[in-house]
Amino acid sequence: MDPGEGVRHVLSTRSGHRHGDRPERRAGGHQPGERRSPSRRVDCRHGVRRPHTHRVHHRGDDPAPRRRDPYRHPARRRPDRPRRPCRSRGGTARGAHEPGGGTVTTRLRIAPSPTGLLHIGNARSALFNWLYARHTGGVFIVRIDDTDTARSRPEYEQDALDGFRWLGLDWDEGVGVGGPHGTYRQSDRLDRYRQVAESLLADRKAYWCFCTPEELEERRNQARQEGRPSGYDGRCRTIPSESAAERKAAGEPAVLRLAVPRPGETTFTDVVRGEMRFDHANVDDFVILRSDGSPTYHLASTVDDVDYEITHVARGEDLLSSTPKHILITRAMGAPVPTYAHLPLLFGPDGRKLSKRHGDVSVRAYRDAGILPEAMFNYLALLGWSYGEDVTVFTREEAIARFDLSDVSKNPAVFDPAKLEWMNGVYIRDLSADDFADRSVPFVERAIGRTLTDDEKRVFADVAPLIQERVKNLVEVAPMVTFLFTDEIEYDEKSWRKVLGHETAPGVLAAAIERLEQVDSWDHDTIEAALRGMLDDLEIGARRGLQPIRVAVTGSSVSPPLFESLEALGKERTLRRLRDVAGRLGS
RNA sequence: GGCCCCGUCGUCCAGCGGCCUAGGACGCCGGCCUUUCAAGCCGGUAACGCCGGUUCGAAUCCGGUCGGGGCUACCA
């Protein structure tokens, strides 16, 4: 049973809650009828800020001076644009329009590699791409980067798609939904990559390399020792193409490498990092086709970006130093270079790139742990971006309205599960009682190992509001209500010892049984009145007088409020448990 | 080793030369409330890495330094 499946349908039902700014809460909290616009609670002065100076694009000596400016995408050139009443900031990242007035649709993509469960870092990248696409009214595409045939698995592809859907990131083109570019799966496009590679070879922009791995490693070590760049040294570049072709035809193993122009450099403007400049002395002639004829990531990914007319590439900063390679391929194909935005990496608590060794780093794990998709969405949006001063909790729509790639932070962000949990609690408490109950049932059923009967579901729905304000995630629900759905109570050893072990416990239990037997109308008010009367008679405090009942009935000193719990349990079962425990204490 | 990126509370963000005795959120600590646990409310803790420079004035600009991270594969 997969609890995650049970909660998915509610994704689209949440249209607008709002909270997070305390003044409003104090002033009366939510006002359901009123849809507050983000601009009303966030200061508008940001809108008049000048653009970052480092965003200014000045054309360096790009290695392709003949063409006037064929590589920059029109979508990013807009120097000024109609101002919205309130925008977060200036910046050049947005731009669904070109100066002439024509409209260029932004096209962004996420390209998960199905070699493992969807990683939180990838989910965050997907989220940012999605936000920007939605903000600009553009197109969001999901493609599958499965050129690593050895590690790619269909179930991981499914997991990624499930994860995106769960987060509410819908896509307009791509795997599952189709579009004008085939299957959007790289393993289906091998011919296309080979074709590009061949034309690169024909244009002398790529060449065969016959160096063996051993030779490469030796020379790499050598270069490293001498303090030179350790990339490929270009040895095979001088092999005459005819003889290279002959050797290749004769069956000699070879990889195809891109002939990086030398000397030269590649410059580009990164939306989050500003002006970037890479001397080709540090960009080696990298492999684009493996010896088995398959494309490398650099080739396949870039060809896809070109073919799918991607206008903005927002991805992790770990790809920043590969960007010149991608630009080089793009230019070699004669295509316009997209706008790049390199997002800060997500770190684990140890300050290193978030990875499996940090524990749960898959979206799936958090989903199974009872994290709400809207909470994950909100939390992820905060990693490297902020809605605005003093606002932490916001809706999807509010995020879309405000998001801009140029506002993304440059600093790596530590993923903090504690804050996610807090935020999840906020969203849980904001759910309607029914919604909360519906989403929780699968988790309860998973915990007790069976489905709930309709009667039990009704009982659960009655107590659910009491649980709702006490949990930070949905897996915490089950332990608080299992006492309702089983008569084989497992008593918490510590609770038993501390509470029932106290000398006053037997007397309290006996008195409680006596009182409760008299209760005809089994509702929490009447129960409370009866037990309060008992407290008075015994001249005992609530702590000493009520806790024994709680432990006896629920098995733990931690439970939902007592009187409501007894009501939900029913008179018979309550008394049975009290008598049972009283008997055990007596013997 | 080489190249590149980054440096504000423990953590995530705000800050765009004077509004900063640096703001918010999580966490943590204390208090209130209270039938347990939560929630809620109130209060507190805690940061501009360092050194120079520019400037009347720098967290904000520049340089250096130190520190952290990424890349450096026929992985993506």
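**Exercise 1. Determine which parts of the chain the salt bridge of Arg189 and Asp304 ties together.**

Step 1. In this predicted model, a salt bridge joins the side chains of Arg189 and Asp304, with 2.8 Å from N to O. The term salt bridge denotes a side-chain nitrogen of Lys or Arg within 4 Å of a carboxyl oxygen of Asp or Glu.

Step 2. Arg189 belongs to the loop between strand E3 (173–174) and helix H6 (190–202), while Asp304 belongs to helix H9 (residues 297–307), so the pair ties together parts that are 115 residues apart in sequence. Helices (H or I, at least four residues) and strands (E, at least two) are DSSP runs, numbered from the N terminus.

Step 3. Arg189 and Asp304 are both buried. Buried means under 20% relative accessible area, exposed over 50%, and partly exposed in between (1.4 Å probe, protein chains only).

Step 4. Arg189 and Asp304 also belong to a network of salt bridges that includes Arg109, Arg143 and Asp145. The structure holds 40 salt bridges.

The conventions are as follows. Residues are numbered from 1 along each chain as its sequence is written, and chains are lettered from A and ligands numbered from 1 in the order in which they are written. Local features need pLDDT of at least 70, side-chain atom pairs count only at pLDDT 80 or more, and totals for chains, interfaces and linings use all residues, while side-chain values use heavy atoms, with hydrogens and water left out.

**Exercise 2. Classify Arg219 and Asp233 as buried, partly exposed or exposed.**

Step 1. The side chains of Arg219 and Asp233 form a salt bridge of 2.7 Å, N to O. Arg219 is in helix H7 (residues 213–225) and Asp233 in the loop between H7 and helix H8 (241–249), 14 residues apart.

Step 2. Arg219 has 18% relative accessibility and therefore counts as buried.

Step 3. Asp233 has 42% relative accessibility and therefore counts as partly exposed.

**Exercise 3. Describe the surface near RNA strand B.**

Step 1. There are 69 residues around RNA strand B, and among those that come nearest are Asp148, Arg273 and Arg550. A residue is near a strand if one of its heavy atoms lies within 4 Å of it.

Step 2. The residues of this surface divide into 24 nonpolar, 18 polar and 27 charged. Ala, Val, Leu, Ile, Met, Phe, Trp, Tyr, Cys and Pro count as nonpolar, Asp, Glu, Lys and Arg as charged, and the others, Gly among them, as polar.

Step 3. Helix H21 (residues 542–554) supplies the largest share of the surface, five residues.
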